[in-house]
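Biologist: Before I rely on the descriptive terms, I should like each one justified. Please set the values against the definitions.

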Amino acid sequence: MKRMSPAAPHRPSTLPIINQRRLMRDLNAIGRIGIGNRGAVTRLVFSVKELRSRQVLIHLMRQAELKIHIDGIGNIFGRLDGSDPKAPAVLAGSHLDTVIHGGKYDGPVGVIGALEAIRTIRENRIATRSPLEVVCFVGEESSRFGFSTLGSSLVAGEVHPRDLANAVDAQGTKLADVLLSLGISPKRLRGLTRNPKSLKAYFELHIEQGPILEAIGKRIGLVTAIAAPSRFRIIFTGQADHSGTTPMEMRKDALVASAQLIEFIEKTCRKFSPMAKGRVVGTVGALKIEPGVINAVPGRAELSVDIRSTSAQSKARVSRMVTKQAQQIARKRAISVEVLTIREEDPVPLDKRLLRVTKEICDEKQVVYEIMPSGAGHDAMQMAKITPAAMIFIPSQRGISHNPLEWTDPDDIGLGTQLLMETMIRVANEQF
Ligand SMILES: [Zn+2]
């Protein structure tokens, strides 16, 4: 079956079609910056490669004759004026930094997609009441300093510059020193907060980074909410004993207790799966056992537990069940357990009206879509705190992301960009 391209019929409007060739050319140009073995892309925030990608973006914005503004941390805004100089802006973007050995689409699709949408609008002299802006946020990934959504957190006023002072990368370089070396003094980080009145909406086009769209054969995902994690460290303490001399019924095996709990977490989360509202996912991603030798009963086991959902209620319910079960297992086995909360974040709902507009446009264009949550964090979750925010997902082949094999069909990138453009125009012209 031939896939429907953005240029296919069923267009009730006379809106222009984005230039997919130019879009892919620019995406690939960004994707070559920081490329290494087996196509792995590494552009850690404030590295030479990442700074280079931002320069290329500035160059592209200049070519498109957008008004460029770079704020104190390096977030780049490119603006196309609207007909009403007082109207708040419709903003769209994402990030250009990557994880270590990542792919070329996580982030850049949202930045270059927004740029392509706005330059198509400009070239075709489509007037919008609100100005349109493309934004590239600095440091969305936490890979270098352990701090995610750096640029958008500052714009949303969600982080105080002093909270950044202690961040250090794997080489021991302080974030504060990196900023100084770039001529960014902590003083410049104050007042980056954008006045919510200057914004009408924020859109982010992003690859799904999961397998759902591909599995159900849909090309567009409209995001309802961004899931947030609760993270725990659970430590079972039993007794390390000789594996040959200690009878089974006299053991205090901390690992067997952990195994029971791990299975419980899987079973419990599966009850909320797979697509239901309030879906919960739970992962034990790290397990440390002591003494950790073949001839000793494990006396101590430490598990990391990550539980995520877009429903704060479901997440809290599963967290309580896991804690209770850990205590029950410990009691039955006469060992002790400690449950430490590392982090507790609230899920972020996205804007219902923007979702409705995007849905309407999909219906008009006869594009089939899936209404879905986002399991991963994005800049949109910060922006949602100061302006109505929406996300459009496009499929990730085999669900792979943060990996050189990350891939999305160029036709899907084109379709997502076309949808982004049409939604931006409608939102920029309509009253909310
Ligand atoms: Zn991303």
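**Helix H9 and the two domains**

Modeller: The cover over the buried residues of H9 includes strands E5 (199-207), E6 (220-226), E14 (369-374) and E15 (389-394), and helix H11 (410-429); contact means C-beta atoms, placed from the backbone, within 7 Å. This is a predicted model, in which local features need pLDDT of at least 70, side-chain atom pairs count only at pLDDT 80 or more, and totals for chains, interfaces and linings use all residues. Residues are numbered from 1 along each chain as its sequence is written.

Biologist: What span should helix H9 (residues 352-365) have?

Modeller: Helices are DSSP runs of H or I of at least four residues, and strands are runs of E of at least two, numbered from the N terminus. The expected span is 1.5 Å times one less than the number of residues. The 14 residues of H9 should therefore span 20 Å, and the end C-alpha atoms, 20 Å apart, agree.

Biologist: Which residues of H9 are called buried?

Modeller: Leu354, Thr358, Ile361, Cys362 and Lys365 are, each having 20 or more other C-beta atoms within 10 Å of its own (exposed: 12 or fewer; partly exposed: in between). They lie on the same side of H9 because their arc, taken from the axis to the C-beta atoms, is only 100°. Exposed Lys352, Arg356, Glu360 and Asp363 occupy the face turned away.

Biologist: How is the chain divided into domains?

Modeller: An automatic or database assignment gives domain 1 (20-226 + 347-429) and domain 2 (228-344). Seven residues from domain 1 and eight from domain 2 form the contact. E6 supplies the largest share of domain 1's side, three residues.

Methods
Contact = placed C-beta atoms within 7 Å.
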